[in-house]
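Me: Hi! I have a protein open on my screen and would like to walk through it with you. Mind if I throw some quick questions your way?

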Amino acid sequence: MRATILSVGTEILMGQITNTNTVYLSGALNSMGIDVMYHYTVGDNPERLAEIIRMAFGDCDLVITTGGLGPTQDDMTKEIACQVMDDELVMHPEILESIRERMTGFRIKEMTPNNMKQAEMPSRAVIFRNSCGTAPGFALENREGTKAIACMPGPPGEMKTMFEKSVAPWLASKSEGVIFFRELRCFGIGESELETRLLPLINGQTDPTIATYAKESECSVRVASKRKTSEEAEAAVEEMTGKVCDIVGEYVYSKDNEELPLVVVKRLKEKGLTIASAESCTGGMFASAVTDIPGASEVFHAGYVTYSNEAKMRDLGVKKETLEKHGAVSRETALEMAEGVRKRSGSDIGISVTGVAGPGESEAKPAGLAYIGFSYGDKLLCREIKRRMNDRGRNRKYSVMSMFDMVLRNI
């Protein structure tokens, strides 16, 4: 099934709101085995809306819309959907009553006439109730049953709830077979190299399918299969996942689309280990990522942010001569930071980072240079990172990911 996602609303075109609906729907539809071919955004203009829907149906058999289902005059999605699909709006008394009850819950004594508009739905539509708002959604097929449009409200909370409760099951009922997929998360390899290594599996693929994706600081591999039964699809995906891991398994940190910090915290819990961090260039981002995870207090002892040399010496015991001879951004300093934070916190593991986040840099120490220190038992290790990038935010994020990767690989 080929799909177009159509966002309706002039406020999106004007940049007044961020369109998160498209991001969510793209991921959700792809996970169901529905190929998203196009993203469109159109303002509250009936002629352009009708034109875009007709154009989308030229190459797709499904259009998903968000927005334009409200009570005001510029909310025209239902009317245009009916026009394109050769249907008409009819009043649904039960929907009108549910809107009236919700209005009462909002302590609105009298429902205005334009609210009644939301109870009008296409005569052939499958109606999707809105448990979070007043505007119901619907799905409408053309008379031949070859094209379908599914319309949902624009507010993200309402849209997401409606999609998961109603639209996704409706789409599943239209799909032949069962989709199963795994998303493998990878760190330490770029998307181009990842795809190149997997080309023997990708070339000539039919089912299962393999696709690589680039994300900030990492990559992922999606393995999907569509079979008659869920057992067949899962077995096919598991077999292909094993082949992928045979080639790039050293970079795969999760086969279940889990974030790296979560994977590390789980592993620390499994092994009964505790950790403490010492951060310079990342300013506490590692500690924040750990403590964002529920139950992190079982494994995380302390986090030190030691930006200045004085703080490194006072709080972590870094030697003055080390800083004078090698500098704050050095392998030697990172190692002493890791050893110091482990001993002073009483943790099993000490992890540290010191680097040049940018954009300021020098010839000897460019932006993107960082050192990750790791202390655990008799292990005292350091990793050098050379990003050669002037993006401060991305350098800091990559350094934090490298810290988690360092921990995962060495416990």
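Me: To start, how many helices and strands does the protein have?
Reply: Happy to help! This is a predicted model, and its secondary structure comes to 15 helices and 17 strands.

Me: What box do the C-alpha atoms fill?
Reply: Taken along the principal axes, that box is roughly 80 × 55 × 40 Å.

Me: And what percentage of the residues count as buried?
Reply: The protein has 411 residues, and 49% of them count as buried. As for the accessible surface, it comes to about 19,500 Å². Carbon and sulfur atoms account for 49% of that surface.

Me: What share of the contacts comes from residues 24 or more positions apart?
Reply: Counting contacts with a separation of 6 or more, 67% are between residues 24 or more positions apart.

Me: Switching to cysteines. How many disulfides does the structure hold?
Reply: The count is 0.

Me: Why is there no bond for Cys60?
Reply: Because the closest cysteine sulfur, in Cys151, is 15 Å away from the sulfur of Cys60, which is too far for a bond. A disulfide needs the two sulfur atoms within 2.5 Å.

Me: What about Cys82, how far is its sulfur from the closest cysteine sulfur?
Reply: The distance is 8.9 Å, and the partner is again Cys151. That is too far for a bond as well.

Me: Are those two cysteines buried or exposed?
Reply: Cys60 is buried, with a relative accessible area of 1%. Cys82 also counts as buried, at 4% relative accessibility.

Me: Which helix has Cys82 among its buried residues?
Reply: That would be α4. This helix covers residues 77–85, and 7 of its 9 residues are buried, so it is largely enclosed by the rest of the structure.

Me: Which residues of α4 are the buried ones?
Reply: Besides Cys82, they are Thr77, Lys78, Ile80, Ala81, Val84 and Met85.

Me: What follows α4?
Reply: Asp86 does, and its phi is positive, near 60°.

Me: Let's look at a strand. Where does Val63 lie, and is it buried or exposed?
Reply: Val63 lies in strand β3, which runs over residues 62–66. The residue is buried, with a relative accessible area of 0%.

Me: Which residues is Val63 in contact with, leaving aside its neighbours within four places?
Reply: Its contacts are Thr4, Leu6, Ala56, Phe57, Ala148, Ile149 and Ala150. In addition, the C-alpha atoms of Val63 and Ala3 are 5.6 Å apart, although the two are 60 residues apart in sequence.

Me: On to pockets. What is the volume of the largest pocket, and which residues line it?
Reply: The volume is about 290 Å³. Its lining is made up of Ser26, Gly27, Asn30, Ser31, Phe181, Glu183, Tyr213, Ala214, Lys215, Ser220, Arg222 and Asn257.

Me: Which element gives the largest share of that lining?
Reply: α2 does, with 4 residues. Elements that each supply at least two residues are α2 (21–31), β9 (178–186), β10 (209–215) and β11 (218–227). By class, the lining has 3 nonpolar, 6 polar and 3 charged residues.

Me: Glu183 is in that list. Which residue touches both Glu183 and Arg182?
Reply: Asp256 does, not counting residues up to four places away in sequence. Asp256 sits in the loop between β12 (252–254) and α10 (260–271).

Me: And what about the second largest pocket, what is its volume?
Reply: About 250 Å³. Of the 19 residues lining this second largest pocket, Val8, Glu11, Ile12, Ile17 and Gly154 are the closest to its centre. The lining divides into 5 nonpolar, 10 polar and 4 charged residues.

Me: Last topic: how many cavities of 30 Å³ or more turn up?
Reply: A search of the whole structure finds 1. The largest cavity has a volume of about 40 Å³.

Me: What lines the largest cavity?
Reply: The lining consists of Cys281, Val356, Ala357, Gly368, Leu369, Ala370, Arg387, Asn395, Arg396 and Ser399. Two or more of these residues come from each of β16 (369–376) and α15 (392–410), and α15 gives the largest share, 3 residues. By class, that lining has 5 nonpolar, 3 polar and 2 charged residues.

Definitions and conventions. Residues are numbered from 1 along each chain as its sequence is written. This is a predicted model: local features need pLDDT of at least 70, side-chain atom pairs count only at pLDDT 80 or more; totals for chains, interfaces and linings use all residues. Side-chain values use heavy atoms; hydrogens and water are left out. Buried means under 20% relative accessible area, exposed over 50%, partly exposed in between (1.4 Å probe, protein chains only). On a 1 Å grid over the protein atoms alone, a cavity is a set of points where a 1.4 Å probe fits but cannot get out, and a pocket is an open set with protein on both sides within 12 Å along at least five of seven lines; lining residues have an atom within 4 Å of a point. Grid points are joined across faces, edges and corners, and a volume is the space filled by probe spheres set on the points. Ala, Val, Leu, Ile, Met, Phe, Trp, Tyr, Cys and Pro count as nonpolar, Asp, Glu, Lys and Arg as charged, and the others, Gly among them, as polar. Contact means heavy atoms within 4.5 Å. Accessible areas come from the Shrake-Rupley method with a 1.4 Å probe; for residues, only the protein chains shown count as cover.
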